[in-house]
Amino acid sequence: MTTDLHLLIGPYVLDALEADDRARFEAHLTQCEQCRAELSGFTATAGRLGEAAADTPPAGLRERVVAMAATTPQEHPVVTALGQRPAGRWASRLALVAAVAAAVVGIGGFVVEHQRADELRAAKSDLVTVMAAPDAATTTREVTGGGEVRVIASAQHDAAIVVGASLEALDRDRTYQVWRMDDGTPTSVGLLGPGPGVLLVKDIAGADAFAISVEPAGGSEQPTSTPIVVTPV
Amino acid sequence: VAGDLDDVLVRVARGDEAAFAAVYDRLGAGVYGLARRVIRDPARAEEIAQEVFLQVWQTAARFDPQRGRARSWVMTLAHRRAVDAVRHDQAATNRERAYDWTPGPDHDEVSESVTVLLEHEQVRKCLEGLTELQREAIDLAYYQGYTYAQCASVLDANPATIKTRMRDGLVRLRDCMGVES
């Protein structure tokens, strides 16, 4: 019943529909020009209700949000034909996508716009938990030869995120390896891969710093080269 | 980064990190404040705000300036995510309380506190211009994440009436706020 469905526009704009009604109304929207016309004014109205609740965000949120963008791939609006190679800036962006995708699998869940509530919780990765921790602190160090390394550490969660941003791409037979330093003793905590990457490190209590060195693909037991960067925790 | 927020968001879709920071500077307080209002718990609200901005970054290409304003788009994402989270948390609480039923908060008290706390004078005035049922239904749904059926239950009204009041209320708010229809 069209008239009945149209009445759902009020609860739809206020997000007051159950999932099945929401889906039914969205299907109806594609057929109902009048609904779409009304929707934009209602959506703007609801947005004003939202902005009226504005409140000062906690210190540090801005920095974490911006840092996350620097290391998270965006959805691309353009479809590239097979055999057509992206070039220049897009090539480096795509390389970043490839390197980060594996490490940021959890965050990928947030791409879905109309995510169901239970999926929301399930998809919320440890990465986001650490980044959102009230005590999360970011330390940034520039890397000789290009790029920078950020360590976002939370004592509360006893975990850190090591972000290698804009690192120089290595040959396939080499990798960036991350070490935790305890009183000068390095212990491997994982690999970033041959380019920019993200690594979640748990049980960080006691660590003084994280160091990154270039190692043969697959990693080494002990560092075989001088660290390119050391970031204190 | 200056300029109309719609243009700024279009630049975000092209991977402009400075433009993204500018979007945060303009809407961070709105997104966080709304999440805080709906979710109550500040730490959880901060998580939601962070997820919303991540979503803005990732899906900026979906923003279509022909179909609406950037502010509305971001606030819609924020509200939906906050509501999904509060419903999820509520469902978990309900499971825990399966054998320990306690009544929810007194909605009169809650809805009054929402109206009083609103910073934005015009919005507050416009909300005051609604009928009691319109205002309570919109308060419960928008600021507390109730479904319209839950609103009907707590307001002791017919669900069909609540649907209609929500729409009437939005029409009146839209006209009062001077939003283009």
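In the predicted model, A:Asp182 sits across from A:Thr185, a residue of β5(A). That places us at the turn of a hairpin: β4(A) and β5(A) have two residues between them, and A:Asp183 takes a positive phi near 50° there. Further along this pair, A:Gln177 faces A:Leu191 of β5(A). Strand β4 (residues 174–182) of chain A and β5(A) run antiparallel and share seven bridges. Strands here are DSSP runs of E with at least two residues, and helices are runs of H or I with at least four, numbered from the N terminus; two strands pair if DSSP finds at least two bridges between them.

Some housekeeping on numbering: residues count from 1 along each chain as its sequence is written, while chains are lettered from A and ligands numbered from 1 in the order in which they are written. As for what is included, local features need pLDDT of at least 70, side-chain atom pairs need pLDDT 80 or more, totals for chains, interfaces and linings use all residues, and side-chain values use heavy atoms, without hydrogens and water.

**Two sheets in chain A**

The hairpin belongs to an open, antiparallel sheet of four strands in the order β5-β4-β7-β8 (chain A). Because β5 (185–193) and β8 (229–232) of chain A have a single partner strand each, one side of each lacks a neighbour in the sheet. On average, neighbouring strands here are turned by 30° against each other, direction ignored; the axes are lines fitted to C-alpha atoms, and angles run from 0 to 180 degrees between N-to-C directions.

Another open sheet of four strands, also antiparallel, goes β1-β2-β3-β6 (chain A). Its edges are β1 (137–142) and β6 (197–202) of chain A, each pairing on one side only. The average turn between neighbouring strands of this sheet is 15°, direction ignored. Inside it, β2 (residues 148–154) and β3 (residues 159–165) of chain A run antiparallel, joined by seven bridges, and A:Ser154 stands opposite A:Ala159 in β3(A).

**Where chain A meets chain B**

How many residues of chain A are in contact with chain B? The count is 67, against 72 residues of chain B, with contact meaning heavy atoms within 4.5 Å. The two chains bury about 6,600 Å² between them, 58% of it on carbon and sulfur atoms; buried area is the accessible area (1.4 Å probe) that two parts lose on being put together, summed over both. In chain A, the residues losing the most area to chain B are A:Leu14, A:Leu49 and A:Gln74, together 10% of what that side buries.

Between chains A and B there are 20 residue pairs in polar contact, both at pLDDT 80 or more. Helix α4(A) gives the largest share of the side of chain A that touches chain B, 13 residues.

**Salt bridges**

Nine salt bridges link chain A and chain B, and the count over all chains is 21. The rule is a side-chain nitrogen of Lys or Arg within 4 Å of a carboxyl oxygen of Asp or Glu. Two examples:

| Acidic residue | Basic residue | N to O distance |
|---|---|---|
| A:Glu38 | B:Arg167 | 2.6 Å |
| B:Asp6 | B:Arg69 | 2.8 Å |

The pair of B:Asp6 and B:Arg69 links distant parts of the chain, 63 residues apart: B:Asp6 is in helix α1 (residues 5–12) of chain B, and B:Arg69 is in the loop between α3 (42–59) and α4 (70–96) of chain B.

How values were computed
Polar contact = N/O pair within 3.5 Å; in protein donor to acceptor, adjacent residues only side chain to side chain.
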